[in-house]
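Grab a pencil and work through these exercises with the structure open beside you. Try each task yourself before you read its solution.

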Amino acid sequence: GRRVPVSVTVTNDGNILAKGNLAVNFGLSATQDGATPASLGSLTKRINLKPGKSTVVHFSVPLALGVATGSQYVVATVDPSNAFLDPNLVNNVFTDQQPITIT
């Protein structure tokens, strides 16, 4: 298994400090809309984000042996268990605009 560098921009649209461990689930999808992603697992990073602020969080996502080859899109689901009590979960899923090629 290799690793893929993934950067995720996280914005605190709330009115209180977002502080703690932020979980992000990663997956791979054969389509740009991110449909039916194959899970790559979950990683966490500690954040301390004031209201109205954004930060870029960097991850090194491991690719398990046996993942589908060819063009794949990385899908990130931020705070999947809603630990930060986000009232708008719709904007927590992101799909990369450019595919990666897995050989």
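The exercises below go from the whole chain down to single residues, and the model they use is a predicted one.

**Exercise 1. The overall picture**

Find out how many helices and strands the protein has, and check whether its radius of gyration agrees with that of a compact globule.

*Solution.*
- Step 1: Count the elements. There are 0 helices and 7 strands, so from the N terminus on you read β-β-β-β-β-β-β.
- Step 2: Look at the extent. The C-alpha trace spans about 45 × 25 × 20 Å along its principal axes.
- Step 3: Do the globule check. For 103 residues, a compact globule would have a radius of gyration near 13 Å, and the protein's 14 Å agrees with that.
- Step 4: Ask how the chain is folded on itself. Take the contacts between residues at least 6 apart in sequence: 69% of them join residues at least 24 apart.
- Step 5: Add the burial figure. Of the 103 residues, 31% count as buried.

**Exercise 2. Strand 2 and its partners**

Work out which strands pair with strand 2, and in which sense.

*Solution.*
- Step 1: Start with strand 3 (residues 38-49). Strand 2 (residues 18-29) pairs with strand 3 in the antiparallel sense, over 11 bridges. As an example, Asn-25 has Ser-42 in strand 3 as its bridge partner.
- Step 2: Now try strand 5 (residues 70-78). Strand 2 and strand 5 also run antiparallel, joined by 6 bridges. Here you can spot Gly-27 opposite Val-75.
- Step 3: Zoom in on Ala-23, which is in strand 2. Leaving out residues up to four places away in sequence, Ala-23 touches Ser-42, Leu-43, Thr-44, Thr-77, Val-78, Asp-79 and Pro-80. With Asp-79, the gap is 56 residues in sequence but 5.1 Å in space, C-alpha to C-alpha.
- Step 4: Check the burial of strand 2. Strand 2 is mostly covered, with 9 of its 12 residues buried.

**Exercise 3. The nonpolar core**

Find which residues touch the most other members of the largest nonpolar core, and which strand gives the largest share.

*Solution.*
- Step 1: The largest nonpolar core has 20 residues, and Val-6, Val-8, Val-24, Phe-26 and Phe-59 touch the most other members.
- Step 2: Two or more residues each come from strand 1 (3-11), strand 2, strand 3, strand 4 and strand 5. Strand 2 gives the largest share of this core, 5 residues.
- Step 3: Follow one member outwards. Val-6 touches Phe-26, Val-57, His-58, Phe-59, Val-61 and Val-74, not counting residues up to four places away in sequence.

**Exercise 4. Two rings and a charge**

Decide how the rings of Phe-26 and Phe-59 are arranged: stacked, edge-to-face or tilted?

*Solution.*
- Step 1: A search of the whole structure turns up 1 aromatic pair.
- Step 2: The ring centres of Phe-26 and Phe-59 are 5.1 Å apart and the planes are at 65°, so the pair is edge-to-face. The cut-off for that label is over 60 degrees.
- Step 3: Place the rings in the chain. Phe-26 belongs to strand 2 and Phe-59 to strand 4, so the pair ties together parts 33 residues apart in sequence.
- Step 4: Check burial. Phe-26 has a relative accessible area of 3% and is buried; Phe-59, at 6%, is buried too. The limit for buried is under 20%.
- Step 5: Look for a charge. The charged end of Lys-45 sits over the ring of Phe-59, 5.7 Å from its centre.

**Exercise 5. Positive phi**

Find where Thr-36 and Leu-85 lie, and say whether each is buried or exposed.

*Solution.*
- Step 1: Recall the usual rule. Most residues other than glycine have a negative phi.
- Step 2: Compare. Phi is near 40° in Thr-36 and near 55° in Leu-85, both positive values.
- Step 3: Locate them. Thr-36 is in the loop between strand 2 and strand 3, while Leu-85 is in the loop between strand 5 and strand 6 (93-95).
- Step 4: Exposed means over 50%. Thr-36, at 74% relative accessibility, therefore counts as exposed, and Leu-85, at 69%, is exposed as well.

Conventions: Residues numbered from 1 in each chain as written. Predicted model: local features only at pLDDT ≥ 70, side-chain atom pairs only at ≥ 80, totals over all residues. Heavy atoms only, no water. Buried < 20%, exposed > 50% of the residue type's maximum accessible area, 1.4 Å probe, protein only. Helix = DSSP H or I, 4+ residues; strand = E, 2+ residues; numbered from the N terminus. Pairing = 2+ DSSP bridges. Core = buried A, V, L, I, M, F, W, Y, C linked by side-chain atoms within 4.5 Å. Contact = heavy atoms within 4.5 Å. Phe/Tyr/Trp six-rings, centres within 6.5 Å; stacked < 30°, edge-to-face > 60°. Lys NZ or Arg CZ within 6 Å of the ring centre and 35° of its normal. Rg over C-alpha atoms; globule rule 2.2 N^0.38 Å.
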